[in-house]
Amino acid sequence: MTRLAAFKPMKELMTRYYIEAKTAADRPVGWITSGAPVEFLYAMDVIPVYPENYAAMCAAGHQSVALMEAAEAAGFSQDICAYARTDFGQDLLRGGPAGGLPAPQFLVCSTNICRTVVKWYEVVARKYRVPLFVVLKRPFDRDRLQAAIELSRRASGRWKQILELGRSVPTPFTSLDAFIHIAPIVTLRGTAACADYYELLHAEVSERARCGIGAVPDERYRVLWDNLPIWFKMRSFEKFFEERRCALAAATYASSWAGIEDAAELATADARASLAASYLNLYINSGFAQRIRYLARMIAEFRLTGFIMHSNRSCKPYSVGMYRLKEELCRLTGKPGVVIEADQNDPRVFSEDQVEARLEAFIEAMASHA
Amino acid sequence: MFAEFHETIADIPAAVRKHRDRLGRPVVGVLPAYFPLELIHAAGGYPVRLWGAGAPIARAEAYLQPYCCSVARSALELEMSGRAELIQAYAFTSLCDTLINLRELFRRLFTKPVLGLSMPVTPSAEGRREFLCAELANLLQALAGITGRRPSPESLRESARRFGRVRALERELYRHRREHPGNIANADFYAVLKAGFFLPVEEYERLLDGLLHRLEAVAAPRVRRPRVVLSGMVFEPLNAQGLFDAVGADVVDDDLASGWRSVSKDPLPVEDLAAGIDAYLFGGAPCVCIHHPGRDRHDYLVKKVRDAAADGVVFWYVKFCEPDAFDRPQLLARLEREGIAATVVEVDVSTSGIEALRTRIQAFCEMIGGLEA
């Protein structure tokens, strides 16, 4: 796979973000969950820090195991979310690529992604003696909020267009690309730097689409990925799928930050109501009937040949009930599907042989289906 | 004294069938905690609480991964294996991520109606009330679809009074146990509570009245044995309930979602039902599944141990229960700072193998109470 030129500016953007978060003494730091409305914080000059994003970075850099082991040694069960364990570990060891996260002055938590984050942030709140669901004693400027929302819309609108370019055959931008380039939309939406970055990325991916350049050479299969990435397997999956001429052309997870533009209420004057509508409009926050409709629509619109569901031990809202979704989706679309058992962050519960065997069988099923 | 309670839980389907036939009310299976049973009762339903069936998982394997807790897996197993034929509808609360998705799974797999009560998380009482108003409108309508009628103000008041009184009687039972450790065997105490999951409220009230009356006459002083507080979601599997009796220890109080956390709730205020349900959900003892920043579990558990003059805490951990697992390390550290001994046992409510549990509990009780090995 040819690395996108936008990769370098994205790395620089994220490095600047983490340096600023760790060094800015004059701005408060708040820890925030990935699905919470961060625009309010940017409008109030807060530095939002995302333990989920940091945990993913740790796993992608193969540093999560040592951190999770530290958390487990401190008593946290392997039964809890591996992101949370990675976060508790980075806090204990000051570990990971940025040498640990800056301490929070408050926490913002939204259950639109899961209820687990409440438990996670309760632990952090007790440790740091900081409030959860805070009311900030800082000036709040409605115009600044509106500006942050506009920037957020610009970025997520572009992100959505980039993901939709995955419909092109061959796909110019795979889900694995999306998982790499997702970091700014998670952490920096509501800032100009983020909006500008996705303009850059969009230009590059559109050009690839226009020229018919596929991300996977000689693309034969086009597949949907459901659930979080397996962060510690990004590189080997890239190779695995490329060798089998299989492009992951769509992903439910990457689309989670592409919804803000959709909410019709955004045109209304009440910025808070419009933000609430867009943040509730998440795949993971919907019932199974809606999920099946959404998945079937993606399979049709992206002209997919099959789908992969990641049964992710760390993410129950995504995973519990998945085997039923797979059955129904196969029936509804007539496409082959597979469920693989893994974890977003914990390589110790990943069975290479088992996963590869299932994926091989799935690719064979697509071959015979075609 | 406890025979009727033990008979009920020895053959739950028989007990439920008998009462359903007598009452003619549709049976609603509640999964598992904090759904206001009063609503179901007031609408003409017969609520039963499902905290794990104690049977091996076979069919449910096809739909629930091994990393889902055994409470969820055994509820699905019960329905898939045809052993839940008496249950005409289900009612779920949003206690945790697994149960939220289990509710969706039931809706896709089965044709029985499935009710849901999503519990609000926001600290603003006004926001919670607004949210619950919307929830209630849907809930009461769905309930009427099952029972044929919506609760009337009178039936709500009567149900709230009845369930409120039952919880008050259960609290009396807790008080008796705390003040007279050893008077009630642990297995008997939890048989009484468990029978309450399945008996109609009127029948259960009658039995509890009788039991408490008879208990007044029994106050024999006992030799002081090791005293334990249990903390967790549910004290299952059933055959483990006699373990503390077998090793000669007394459970003097508990912090169980199926126990004191439910029993401690005041009568449901029904005049403003949304505000009443808010008060019901967020009132009573704190729970791992209900975010309530003003009421920390740490002080609460320490006080409970002191009040009961207990020697230690046993965390009865239903494997894969994330909310419970998140809280535990900090809670253990706090107990250690307070000089309170604690241990953790991991259980699966769908298995009957309890030998390892017995060894662990015995060792802990020997440690805290000087039991002879």
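Helix α13 of chain A and helix α5 of chain B are roughly perpendicular to each other, because the angle between them is about 75 degrees. I start there since two chains meet at that spot, and I should say at once that this is a predicted model.

Some background first. Two packed helices are described by the angle between their axes and the distance between the axes. For this pair, α13(A) covers residues 288-301 and α5(B) covers residues 97-109, and the axes are 9 Å apart. Chain A brings Phe288(A), Ala289(A), Arg291(A) and Ile292(A) to the contact, and chain B brings Asn101(B), Glu104(B), Leu105(B) and Arg108(B). Sorted by class, that gives four nonpolar residues, one polar and three charged.

Here is another pair across the two chains. Helix α6 of chain A, residues 116-128, and helix α14 of chain B, residues 322-337, have axes that come within 9 Å and cross at roughly 10 degrees. These two, α6(A) and α14(B), are therefore roughly parallel. From α6(A), the contact uses Thr116(A), Lys119(A), Trp120(A), Glu122(A), Val123(A), Arg126(A) and Lys127(A). From α14(B), the contact uses Glu322(B), Pro323(B), Phe326(B), Asp327(B) and Gln330(B). The classes in this contact are four nonpolar, two polar and six charged.

Now a pair inside chain A. Helix α1, residues 7-23, packs with helix α10, residues 192-210, at about 170 degrees, and the axes are 10 Å apart. That angle is why α1(A) is described as roughly antiparallel to α10(A). Pro9(A), Met10(A) and Leu13(A) of α1(A) meet Ala193(A), Tyr197(A) and Leu200(A) of α10(A). What classes of residue make up the contact of α1(A) with α10(A)? There are six nonpolar residues, no polar ones and no charged ones.

Helix α1(A) comes up again in the second largest pocket, where it gives the largest share of the lining, seven residues. The space in this pocket is about 720 Å³. Its lining has 27 residues, and the closest to the centre are Phe7(A), Lys11(A), Met57(A), Ala60(A) and Ile180(A). Helices α1, α3 (51-60), α8 (175-181) and α11 (234-243) of chain A each supply at least two lining residues. By class, the lining has 17 nonpolar residues, five polar and five charged.

On to the sheets. Strands of a sheet pair through backbone hydrogen bonds, either parallel or antiparallel. In chain A, there is an open sheet of four strands, with the order β5-β4-β6-β7 and parallel pairing. Which strands are at the edges? They are β5 (246-251) and β7 (337-342) of chain A, and each pairs on one side only. From one strand to the next, the twist averages 30 degrees. Strand β6(A), residues 306-312, pairs with β7(A) over six bridges. In β7(A), Val338(A) is the bridge partner of Ile308(A). Helix α16(A), residues 352-369, lies across β4, β5, β6 and β7 of chain A and runs at about 170 degrees to β7(A).

Chain B also has an open sheet of four parallel strands, in the order β6-β5-β7-β8. Strands β6 (250-256) and β8 (341-347) of chain B have a single partner strand each, so one side of each has no neighbour in the sheet. The twist here averages 25 degrees from one strand to the next. Strand β7(B), residues 312-318, is joined to β8(B) by seven bridges. The bridge partner of Tyr317(B) in β8(B) is Glu346(B). Helix α13(B), residues 297-307, lies across β5, β6 and β7 of chain B, running at about 165 degrees to β6(B).

Last, some details of the backbone. Most residues other than glycine have a negative phi, and most peptide bonds are trans. With that in mind, look at Val169(A) and Pro170(A), which are joined by a cis peptide bond with omega of about 0 degrees. Pro170(A) is in the loop between α7 (142-164) and α8 of chain A. In chain B, the bond from Glu236(B) to Pro237(B) is cis, with omega near 0 degrees. Pro237(B) sits in the loop between β5 and α10 (243-246) of that chain. Then there is Arg94(A), which is not a glycine and has a positive phi of about 55 degrees. Look for Arg94(A) in the loop between α5 (82-93) and β3 (106-108) of chain A.

Notes: Residues are numbered from 1 along each chain as its sequence is written. Chains are lettered from A and ligands numbered from 1 in the order in which they are written. This is a predicted model: local features need pLDDT of at least 70, side-chain atom pairs count only at pLDDT 80 or more; totals for chains, interfaces and linings use all residues. Side-chain values use heavy atoms; hydrogens and water are left out. Axes are lines fitted to C-alpha atoms, for helices over the stretch in contact, and angles run from 0 to 180 degrees between N-to-C directions. Angles under 35 degrees count as roughly parallel, over 145 as roughly antiparallel, 65 to 115 as roughly perpendicular and the rest as oblique. Contact means heavy atoms within 4.5 Å. Ala, Val, Leu, Ile, Met, Phe, Trp, Tyr, Cys and Pro count as nonpolar, Asp, Glu, Lys and Arg as charged, and the others, Gly among them, as polar. On a 1 Å grid over the protein atoms alone, a cavity is a set of points where a 1.4 Å probe fits but cannot get out, and a pocket is an open set with protein on both sides within 12 Å along at least five of seven lines; lining residues have an atom within 4 Å of a point. Grid points are joined across faces, edges and corners, and a volume is the space filled by probe spheres set on the points. Two strands pair if DSSP finds at least two bridges between them.
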